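Welcome! Here is a short briefing to read alongside the structure, moving from the parts of each chain to the way the chains meet.

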Amino acid sequence: MTSTTQTNYGDTIFRNLTRAFAFLILLLIVFMVYEMYRTSASSIEKFGWSFLTRSVWDPVQEEYGALPFIYGTLVSSAVALVIAVPLSVGVAIFLSELAPAWLERPVSFFVELLAGIPSIVYGVWGFFVMVPWMRTTVEPLLSDHLGFIPLFRGAPYGVGMLSAGVILSIMILPIIASISRDVLKAVPRVQKEAALALGGTRWEATRIGLSYARSGIMGATILGLGRVLGETMAVTMVIGNRPAISASLFDPAYTMASVLANEFTEATTDMYLSALVEIALVLFVITIIVNSFARLLVWSVTRKNQAGRV
Amino acid sequence: MFRYRKIKSTALYALCVASVLLALIPLLLIFYRTLSFGFTALNLDFFTQLPKPVGESGGGLANAIVGTMILVGIGCCLSLPVGILSGIYLSEYGQNVFGTSVRFLTDVLSGVPSIVTGVVAYTLVVIPMKHFSAYAGGVALAILMIPTITRTTEEMMKTVPHSYREAALALGISEWKTTLRIILRTSLGGVVTGVMLAIARAAGETAPLLFTALNNRFWHTTLDQPIASLTVFIYNYGVSPFDDWIAQAWAGALVLMLMILLLSIAVRFATRKRYHEH
C-alpha cells in the first residue's frame, strides 16, 4: 500500500505546482500595477489628481499633465468606432444572411489573417499611402462640403486625429465583424422564420435577428474599443504627435500609447520618467475597466443563450 | 405599402454589400502595397547582410531577423511553463472560485496594451540593470504570450473526452501521470497551435521592444545588451528620410507578413488534421 501513498504524494505536488503557476498569473497583474505605481510615485505625489486634468506637457519646466493624451486616445478611439461599427455590422449581416455557404471558410481564414497583420505594417502603409491621400483628397473634400462643422475645419495636414481614427477602424473592423457574425449566426432560426411567416420582408426578419444580437454586438464593440485604446505603432505613425487639444479632426494630436512610444527613451530626469509611467498606469487601468466590462457582457450573453437553448 | 417595404429591404441589403466592399478595399490595398513595394526591395543581401550606414546603399537586416527570433525565444522560455501549467490547472482543477478568477484575469491580461507590458519590463529589468537588453524585451513579450497559451491549453485539454481520464485512473495510473501523459499528450496538437499563435503575435510586436530591447545595428554578442528586431527596424527605417531605408522598411514589412502568414497556415493545417482524426 506504500505505492498508493506515493502516488497521492505525486498528485498533491503536481496539483499544487499547477496551482502555483495559476497563482503566478494573478500575482503578475497585481505586480504590474504595483511596479507602475512605485515608479510613478513621485509624479503622483507632485501632481495628484490634477495630472489627469492639466494640459501642460513641458519636460524642461518639469510640468506634466496627461489631458491632451487622454483626449487624443478617447477621440481617436471614438472616430474609429464611429467608422468601424456600422461597417462591421453591415459586413456581419452580409456574411450571415446573404453570403453563400462556401464563402464561410475563406472569409474566416482571411479575417484571422488580418488580425495577425502586425500593427507596424498598418503604420507603414498609413504613413506612406493613406496620409498623403488624406492630405490631398479626403480632407480638402470634407472641408469643402462639411466645413460648417468645426470638426472638419482647418488646414489639411494629412497626419492627425482623423487619419488615426481611420487606420484604427481598418484594424478593428475584421474583429468586430467576425464576432458580430458569430452572434448573428447564433440567433435561433425560429425568430426569423416567424417574422417571414408573418409577411415581413427579408430585411425585417434580419432586424429581428439584430435586436436579438444587440448585446453581443455591443460586447464585440467594447472588445474592439479595448484593442483600439492601447494601439500604439499605427497611431504613432499617422497622428502627428502634438500634445494639443483642438476642435478639428484634421489637426495633429497625441495619444497615451504614442507618447510612451516616442518619449520613453528620452526621459532623462526621474520626474519625466515618473510622469510617463503614470500615463502607462492610467492607460492600463482604463483598458482593464473596458476589457472587464466587455468580458462580463460577453459572458452574460453566452450564459443567457445557453440557458435559453435548453 | 408592401412595395415600399420591399424596396427598403433591398436597399438596406445593398448597403450591406457596399459596406463589405468598403471594408475590403483598404485591406486589399495594404496587401498590394506591401507585396509590390516589398518585393522590389527584397534580395538575398536582405537576409545575410548587416545594415549599412546612412548614404551607403545595399546591406540587409540579417541581425534583426535573428534578433526577433532570439527575443521570441526568450519570451517562449519564460511564458511556456507559466502558460501551460496554469492552463493545466484551469482545465483539470479550475472548477472553483479561484479558477474562475484566474480565467477572468487571464482574459483581462490578454487585453493589456503591449506598450504597457514594455513599461513594466522597463521598470522591472532595464532600471535595475541600468541598460537596455534582450532579456528585457523577452520579458515584455512573455507577458503578452502567457494569456494566449494559458487559454488555448485549457480549451484544448477540455476537449479530451472524460472517458480517457476514467480509463487511465481505472488502470491505476496516478492522476498527475494521467494528466501529463494522456490528457496533455492527446491535446498536444491544439496546445502547439496556441503556442504558435502566441509566437506569431509576439513576433509582430514593436511597441514593447522600443525601450526594452531597443535596437542594435550590429550583431549582438551577449543577451544583456541591446538587440535588433525586425519590427523596430521597420519603424526606425519607415520614419527615416532616406529612400534606401524606406525601401528596406517595406521589405521588412513583407518578410514579417510572410512569416506570420506561414505560421497561420501551419496552424490551419495542424487544426484541420486534428478535426479529420475525430
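In this predicted model, the domain assignment splits chain A into domain 1, residues 2-39, and domain 2, residues 43-309. The C-alpha centres of these two domains of chain A are 36 Å apart. Chain B is also divided by the domain assignment, into domain 1 (2-41) and domain 2 (47-277). The bullets below take up the domains, the fold of chain A, the meeting of the two chains, and two residues with positive phi.

**Where the domains of chain A meet**

- Contact between the two domains of chain A involves six residues of domain 1 and seven residues of domain 2.
- Together, domain 1 and domain 2 of chain A bury about 610 Å² between them, and 88% of that area comes from carbon and sulfur atoms.
- Three residues stand out on the domain 1 side of chain A: A:Met36, A:Tyr37 and A:Thr39 supply 74% of the area it buries against domain 2, more than any other three residues.
- Sorted by class, the domain 1 side of this contact in chain A has five nonpolar residues, one polar residue and no charged residues.
- Between the two domains of chain A there are zero salt bridges, while one residue pair is found in polar contact, with both residues at pLDDT 80 or more.

**Where the domains of chain B meet**

- In chain B, the C-alpha centres of domain 1 and domain 2 lie 33 Å apart.
- Eight residues from domain 1 of chain B and six residues from domain 2 of chain B make up the contact.
- About 670 Å² is buried between the domains of chain B, with carbon and sulfur atoms giving 90% of it.
- On the domain 1 side of chain B, the most area is lost to domain 2 by B:Thr34, B:Phe37 and B:Ala41, which together account for 57% of what that side buries.
- The two domains of chain B have zero salt bridges between them, and the count of residue pairs in polar contact, both at pLDDT 80 or more, is zero as well.
- The domain 1 residues of chain B that touch domain 2 divide into five nonpolar, two polar and one charged.

**The fold of chain A**

- Chain A contains 12 helices and two strands.
- Following the sequence of chain A, you meet these elements in the pattern α-α-β-β-α-α-α-α-α-α-α-α-α-α.
- Along its principal axes, the box filled by the C-alpha atoms of chain A is roughly 75 × 65 × 30 Å.
- Chain A has 310 residues, and 52% of them count as buried.
- Among contacts in chain A with a separation of 6 or more, 74% join residues 24 or more positions apart.

**Where chain A meets chain B**

- The contact between the chains brings together 80 residues of chain A and 81 residues of chain B.
- Chain A and chain B bury about 7,200 Å² between them, 81% of which is on carbon and sulfur atoms.
- Of the area that chain A buries against chain B, A:Phe14, A:Ile25 and A:Trp203 supply 9%, more than any other three residues.
- Two salt bridges are found across this interface of chain A and chain B. A salt bridge links B:Arg5 to A:Glu204, with the closest N and O atoms 2.9 Å apart.
- The interface of chain A and chain B also has 11 residue pairs in polar contact, both residues being at pLDDT 80 or more.
- Helix H1 of chain A (residues 2-39) gives 22 residues to the side that touches chain B, the largest share.
- By class, that side of chain A is made up of 49 nonpolar, 20 polar and 11 charged residues.

**Two residues with positive phi**

- A:Asn241 is a residue other than glycine with a positive phi, near 55°. Look for A:Asn241 in the loop of chain A between helix H10 (233-238) and helix H11 (256-263).
- A:Asn241 counts as partly exposed because its relative accessibility is 25%.
- B:Lys130 is not a glycine, yet its phi is positive, at about 65°. The loop that holds B:Lys130 runs between helix H5 (114-129) and helix H6 (134-158) of chain B.
- Is B:Lys130 buried or exposed? With a relative accessibility of 72%, B:Lys130 counts as exposed.

Notes: Residues are numbered from 1 along each chain as its sequence is written. Chains are lettered from A and ligands numbered from 1 in the order in which they are written. This is a predicted model: local features need pLDDT of at least 70, side-chain atom pairs count only at pLDDT 80 or more; totals for chains, interfaces and linings use all residues. Side-chain values use heavy atoms; hydrogens and water are left out. Contact means heavy atoms within 4.5 Å. Buried area is the accessible area (1.4 Å probe) that two parts lose on being put together, summed over both. A salt bridge is a side-chain nitrogen of Lys or Arg within 4 Å of a carboxyl oxygen of Asp or Glu. A polar contact is a pair of N or O atoms within 3.5 Å; within protein, one must be able to donate a hydrogen and the other to accept it, and residues adjacent in sequence count only if both atoms are side-chain atoms. Helices (H or I, at least four residues) and strands (E, at least two) are DSSP runs, numbered from the N terminus. Ala, Val, Leu, Ile, Met, Phe, Trp, Tyr, Cys and Pro count as nonpolar, Asp, Glu, Lys and Arg as charged, and the others, Gly among them, as polar. Domain bounds come from an automatic or database domain assignment. Buried means under 20% relative accessible area, exposed over 50%, partly exposed in between (1.4 Å probe, protein chains only).
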